[in-house]
Amino acid sequence: MIICHRCGKENQDHYKFCLGCGAELTGPPRTAARSSAPAPPDNLAMMNTVMSEPGQSPTPPGMGQAGAYGMGAPPPPMPPMPPGGGVMGHGAPDMGAGNWRSPGSGGVRSIGGEPPAGPRPCPACGSAVPPEFKFCGVCGHKMEPLARPAARPPQPQLTARWAMVLIRPDGTEGGVHHLHDGENRIGRDHGEIFENDGYLSPTHAALIVQKDTVIVRDLGSLNGVFVKMIEDEALQPGQVLRIGQELLRFDIIESPQPMADGTEVMGSPNPGFWGKITVVIGNGVDGSAYPLLNESITLGRERGEINFPEDGYVSGLHARLTHQNGMFVLSDLGSSNGTFIRVQSERVLTDGSFILLGQQLFRLSIL
């Protein structure tokens with residue numbers, strides 16, 4: 001064994017340079033004082049892992065590759081090429097079909113970024129060097145560090161910050177449907193909580209989560225999306241509303257206009273009707289219509305100008321519709337079950353908003 005005069009590393013007798021620090025090994029072999037066991041077999045693959053100190057050079061100052069073997073002595077014979085090996089770039093032996101050599105690096109990297117598992121060739125002399133060694137034990141060439149797998153970029157996570165909480169007819173809470181950031185499709189084909197409601201379209205609506213608000217958008221559903229009023233609402237002609245189980249449409253009554261040829265349309269005298277409420281029975285099917293007279297009218301189960309005595313979900317005095325200064329305003333009068341407006345395109349909702357889809361009532365909640 002030869003002990004390095006610089007770092008004290010034990011090296012095989014035929015090594016010219018230290019595996020620990022790359023220093024030239026000079027002088028006759030010296031036996032390690034602490035070692036009494038037979039020398040290990042001359043096999044590079046069985047040597048201990050060597051870590052070099054930063055900044056150390058494998059070749060002593062003033063010596064280049066041409067003089068790496070000292071005083072013109074011929075280099076030791078090169079080991080045989082690996083089976084199936086050839087020459088890849090700069091004279092480095094091929095380590096097999098699954099490896100490639102980085103141009104100008106002198107190191108071997110495997111396809112996909114994984115470090116090679118077996119020995120790699122020294123780019124200077126071609127000797128097989130175990131992957132954990134920093135220097136070639138034959139010529140002292142400093143080996144390039146092994147390539148490490150590239151870190152995978154973090155994948156975006158879908159966070160469930162909002163939820164739709166089902167409200168049963170008795171007011172208790174039922175199932176929960178979680179919402180992630182961005183667009184959430186709602187309908188019979190989009191969750192177990194919706195699949196048994198025949199009044200929902202397969203894809204009924206979209207709920208777009210944007211930080212502290214949710215935008216609800218009707219996606220052309222047959223029966224619509226309804227939102228519970230939290231303040232007075234200005235109605236437009238054709239607006240559909242719901243109180244209890246009653247589906248109602250608001251229309252204004254215009255004064256009859258003459259025909260194109262100047263003929264006037266005949267009708268009953270108008271005592272001052274400015275609008276009407278029509279009961280919607282089905283798709284394109286209307287029921288009773290209630291004309292609206294005076295400045296305001298009220299709706300309820302027992303009191304008011306328009307009554308629905310058979311609907312137990314309508315409060316005794318439920319809502320008021322007012323006509324003033326060319327505007328039509330709907331107000332909830334503290335009803336037990338609320339007044340709902342059909343979403344015509346989209347609407348902004350907040351924490352605690354109630355949304356009616358088919359025959360199911362949900363409360364939006366931030367988790």
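Select arginine 249 and aspartate 251: the two form a salt bridge, with the closest N and O atoms 2.9 Å apart. The term salt bridge here covers a side-chain nitrogen of Lys or Arg within 4 Å of a carboxyl oxygen of Asp or Glu. Aspartate 251 is buried at 17% relative accessibility. Buried means under 20% relative accessible area, exposed over 50%, and partly exposed in between (1.4 Å probe, protein chains only).

Before moving on, note that this is a predicted model, in which local features need pLDDT of at least 70 and side-chain atom pairs count only at pLDDT 80 or more, while totals for chains, interfaces and linings use all residues. Residues are numbered from 1 along each chain as its sequence is written, and side-chain values use heavy atoms, with hydrogens and water left out.

**Other salt bridges**

The structure holds 9 salt bridges. For another of them, select aspartate 212 and arginine 161, whose side chains meet at 3.8 Å, N to O. Aspartate 212 is in the loop between strand E12 (205-210) and strand E13 (213-218), and arginine 161 is in strand E9 (residues 160-167), so the salt bridge ties together parts 51 residues apart in sequence. Strands (E, at least two residues) and helices (H or I, at least four) are DSSP runs numbered from the N terminus. Aspartate 212 is exposed, at 53% relative accessibility, and arginine 161 is partly exposed, with a relative accessible area of 29%.

Go next to arginine 185 and glutamate 183, where the side chains meet in a salt bridge of 2.5 Å, N to O. Arginine 185 has a relative accessible area of 40% and is partly exposed; glutamate 183, at 37% relative accessibility, also counts as partly exposed. Now add Asp181 to the earlier selection: salt bridges that share partners join Arg161, Asp181 and Asp212 into one network.

**Aromatic rings**

A search of the whole structure finds 4 aromatic pairs. Rings of Phe, Tyr and Trp (its six-membered ring) pair if their centres lie within 6.5 Å; planes under 30 degrees apart count as stacked, over 60 as edge-to-face and the rest as tilted.

Select phenylalanine 250 and phenylalanine 328. Their ring centres are 5.3 Å apart and their planes stand at 55°, so this pair is tilted. Phenylalanine 250 belongs to strand E17 (residues 246-252) and phenylalanine 328 to strand E23 (residues 327-332), so that the pair links distant parts of the chain, 78 residues apart. Phenylalanine 250 is buried at 0% relative accessibility, and phenylalanine 328 is buried with a relative accessible area of 13%. Add Trp274 to see one aromatic cluster formed by Phe250, Trp274 and Phe328.Then select tyrosine 290 and phenylalanine 308, with ring centres 6.2 Å apart and planes at 75°, so the pair is edge-to-face. Tyrosine 290 is partly exposed at 24% relative accessibility, whereas phenylalanine 308 is buried at 6%.

What sits over the ring of phenylalanine 354? Select lysine 228: its charged end is 5.0 Å from the ring centre. A charge sits over a ring if NZ of Lys or CZ of Arg is within 6 Å of the ring centre and within 35 degrees of the ring normal.

**An open sheet**

Finally, show 5 strands as a cartoon: they form an open sheet in the order E15-E23-E22-E20-E21, with mixed pairing. Two strands pair if DSSP finds at least two bridges between them. The edge strands, E15 (233-234) and E21, each pair on one side only. E15 and E23 are antiparallel, paired over 2 bridges. Select alanine 234 to find valine 329 of E23 opposite.
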